[in-house]
Each structure stands twice: as C-alpha cells, then as structure tokens.
Amino acid sequence: MHTLSAAGRRSAVVGAAAGAVPGAAPGDVVDLRRYRLARLIRDAGRQQGELARMMRQSARERTQLAEALQGAQRHLASIADNYKVLLVRLKREKDFRDACQEAAELEDLDEMIRRRDALALELEAIRRTPRGAAGA
C-alpha cells in the first residue's frame, strides 16, 4: 500500500490540475483558487447567457399576450357597440309599437291612416339603419 506525504499529495493534485488546465505543462504549479475562480466565472457566464435567453423569450411571450389582450379588447368593444345599437333599435321599435297602439285607439280614421303612414316610414328607417350607427 502506497501512502503519500502531504507534499506528495499536493504535488499529485497540482499535477492533475495542471493536466486539466489547457496550456499548463505537467510540471507547472497551478493555483487551484484561480482555477476554481475561472470555472465559476465561466459557469456564471453560461448562466447569464441562459438568463438572457429566458428573459428574451419572456418578453416575446408578454408581447404576444399583450397583442392577444388588445384583440380581445377590440372584440369586446365591438360587441358593446353592437349591443348599444340593438338597444337603440329595440327602443325605437317599442316606441313604434306604442304609437301604433295609440293610432289604433283613435276614433278618427284619417288621423289613424296619417299616423300609420308616418310610422311605416319610421319603421323602414329603423330597419335601414346600418349596424354600428347607434345614435340614429
């Protein structure tokens, strides 16, 4: 069984480290602290590169999400506008029905016909109102 002295162990470690360090000759003394520091710096550089890649990917995903949210917001605004138009049209048609009811209750036939004709024109206007024109 071979045992190495402290100096022998140190030279064996230094020799092994020198073989692992590029450009170092087998007989050169390598400072293990510098070697470890160089490895730590190299690893930190890799981690920094990975972090930068992840941050770029995250930024792309946030941009895509923002675009999707803007599209959804436009869609909801369009739905709200269409709903407003529908409410206006429903109110106008209710007013039309109420006016028809009032005209039917009149006992003056000429006035009933005049109101019926005016209401028929208004109903045509209601139905011709383009979508999106809520203020008609």
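In which helix do Lys 94 and Asp 98 both lie, and how many residues apart are they? In this predicted model, Lys 94 and Asp 98 both belong to helix α2, where a separation of 4 residues amounts to about one turn of the helix. Their side chains meet in a salt bridge with an N to O distance of 3.0 Å; Lys 94 counts as partly exposed at 43% relative accessibility, and Asp 98 is likewise partly exposed at 34%.

The count of salt bridges comes to 8, including the three pairs tabulated here.

| Salt bridge | N to O distance |
|---|---|
| Lys 94 and Asp 98 | 3.0 Å |
| Arg 33 and Asp 31 | 3.6 Å |
| Glu 124 and Arg 128 | 3.6 Å |

Arg 33 is exposed at 64% relative accessibility, whereas its partner Asp 31 is partly exposed at 33%. A network of salt bridges links Arg 42, Asp 43 and Arg 46.

Helix α2 (residues 32-105) also holds Tyr 83, which joins Leu 86, Leu 87 and Leu 90 in a nonpolar surface patch of about 390 Å².

Helix α3 (residues 109-128) has 20 residues, which at 1.5 Å a residue should span 28 Å, and the 29 Å between its end C-alpha atoms agrees with that expectation. Leu 119, Leu 123 and Ile 126 are buried in α3, and because the buried residues fall within an arc of 55 degrees when seen down the axis, they line one face of the helix. The cover over these buried residues includes α2, while the face turned away from the buried side carries the exposed residues Asp 110, Leu 121 and Arg 128. Arg 128, with a relative accessible area of 58%, lies about one helical turn from Glu 124, which is partly exposed at 43%.

Methods:
Residues numbered from 1 in each chain as written. Predicted model: local features only at pLDDT ≥ 70, side-chain atom pairs only at ≥ 80, totals over all residues. Heavy atoms only, no water. Patch = residues over 30% accessible without salt bridge, like charges linked within 9 Å, V, L, I, M, F, W, Y side chains within 5 Å. Areas by Shrake-Rupley, 256 points an atom, 1.4 Å probe, with all protein chains shown as cover. Salt bridge = Lys/Arg side-chain N within 4 Å of Asp/Glu carboxyl O. Helix = DSSP H or I, 4+ residues; strand = E, 2+ residues; numbered from the N terminus. Expected span 1.5 Å × (residues − 1). Buried < 20%, exposed > 50% of the residue type's maximum accessible area, 1.4 Å probe, protein only. Arc of directions from axis to C-beta. Contact = heavy atoms within 4.5 Å.
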